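Colleague: Mind if I poke at the labels on this one? I'd like to hear how each of them is justified.

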Amino acid sequence: MNDATYTVTKMSSVTPKELTWLWPGRIPKGKITVFAGSPGVGKGLATCSLVAIATTGSEYPDEAIAEHEPCDVIMLSCEDDLEDTVVPRLMAAGANLEKVITIKAKVKGNDTKKIRDLSFDTDLEILKNCLNDNPKL
């Protein structure tokens, strides 16, 4: 027997609100943005470049004038190692590393030192808690 519950919301009861943008027309503020695709096509490099722009307040590729404040970023990476790939790429792109965090899930059990990458299908609550605990992200 399935114990799952659900709720139903009529769209007529939803009050629309204006979306704000980190990169106008491309990346919304306060939303999850996923770069998905085959390995080796440049997702990591593109992400590091965008993180550098966001954390320094620099211009996005299609902007004539940058008019945004530097912001903090949560960066999740499941393909690349932080020490030998992600951080060196962020440094090369000019990111403000003080404004970039990553989070991992603690593995439940006797050994609390074990950690793993987040999985969107099982760890959304962890991500929500991190966002609630760090409102500047």
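Modeller: Go ahead. One contact list to start with: Gly-44, Leu-45, Cys-48, Ser-49, Val-51 and Ala-52 in helix 1 meet Val-86, Arg-89, Leu-90 and Ala-93 in helix 2. Keep in mind that this is a predicted model.

Colleague: What makes the pair helix 1 and helix 2 oblique to each other?

Modeller: Two packed helices are described by the angle between their axes and the distance between the axes. Here helix 1 and helix 2 (residues 82-93) pack at about 50°, and their axes are 8 Å apart. Under 35 degrees would count as roughly parallel, and 65 to 115 as roughly perpendicular. The angle of about 50° fits neither range, so the pair is called oblique.

Colleague: Is the crossing of helix 1 and helix 2 left-handed or right-handed?

Modeller: Right-handed, for helix 1 and helix 2. That label goes with a near helix turned clockwise from the far one by less than a right angle.

Colleague: Why is the pair Asp-62 and Arg-26 called a salt bridge?

Modeller: Their closest N and O atoms are 3.0 Å apart, and the cut-off is 4 Å, so the pair qualifies. Asp-62 sits in the loop between helix 1 and strand 3 (73-74), and Arg-26 in the loop between strand 1 (21-23) and strand 2, so the bridge ties together parts that are 36 residues apart in sequence. The structure holds five salt bridges.

Colleague: What does Cys-71 touch, leaving out residues up to four places away in sequence?

Modeller: Cys-71 touches Leu-22, Ala-54, Thr-55 and Lys-99; to count, heavy atoms must come within 4.5 Å. Cys-71 lies in the loop between helix 1 and strand 3. From Cys-71 to Gly-57 is 14 residues in sequence, and 7.4 Å in space from C-alpha to C-alpha.

Colleague: Which residues make the nonpolar surface patch?

Modeller: Ile-32, Val-34, Leu-76, Phe-120 and Leu-124, giving about 440 Å². Ile-32 is in the loop between strand 2 (27-28) and helix 1 (43-56).

Colleague: And how do the elements run from the N terminus on?

Modeller: As β-β-α-β-α-β-β-β-α, with three helices and six strands in the chain.

Methods: Residues numbered from 1 in each chain as written. Predicted model: local features only at pLDDT ≥ 70, side-chain atom pairs only at ≥ 80, totals over all residues. Heavy atoms only, no water. Patch = residues over 30% accessible without salt bridge, like charges linked within 9 Å, V, L, I, M, F, W, Y side chains within 5 Å. Areas by Shrake-Rupley, 256 points an atom, 1.4 Å probe, with all protein chains shown as cover. Salt bridge = Lys/Arg side-chain N within 4 Å of Asp/Glu carboxyl O. Helix = DSSP H or I, 4+ residues; strand = E, 2+ residues; numbered from the N terminus. Axes fitted to C-alpha atoms, helices over the stretch in contact; angles between N-to-C directions. Parallel < 35°, antiparallel > 145°, perpendicular 65-115°, else oblique.
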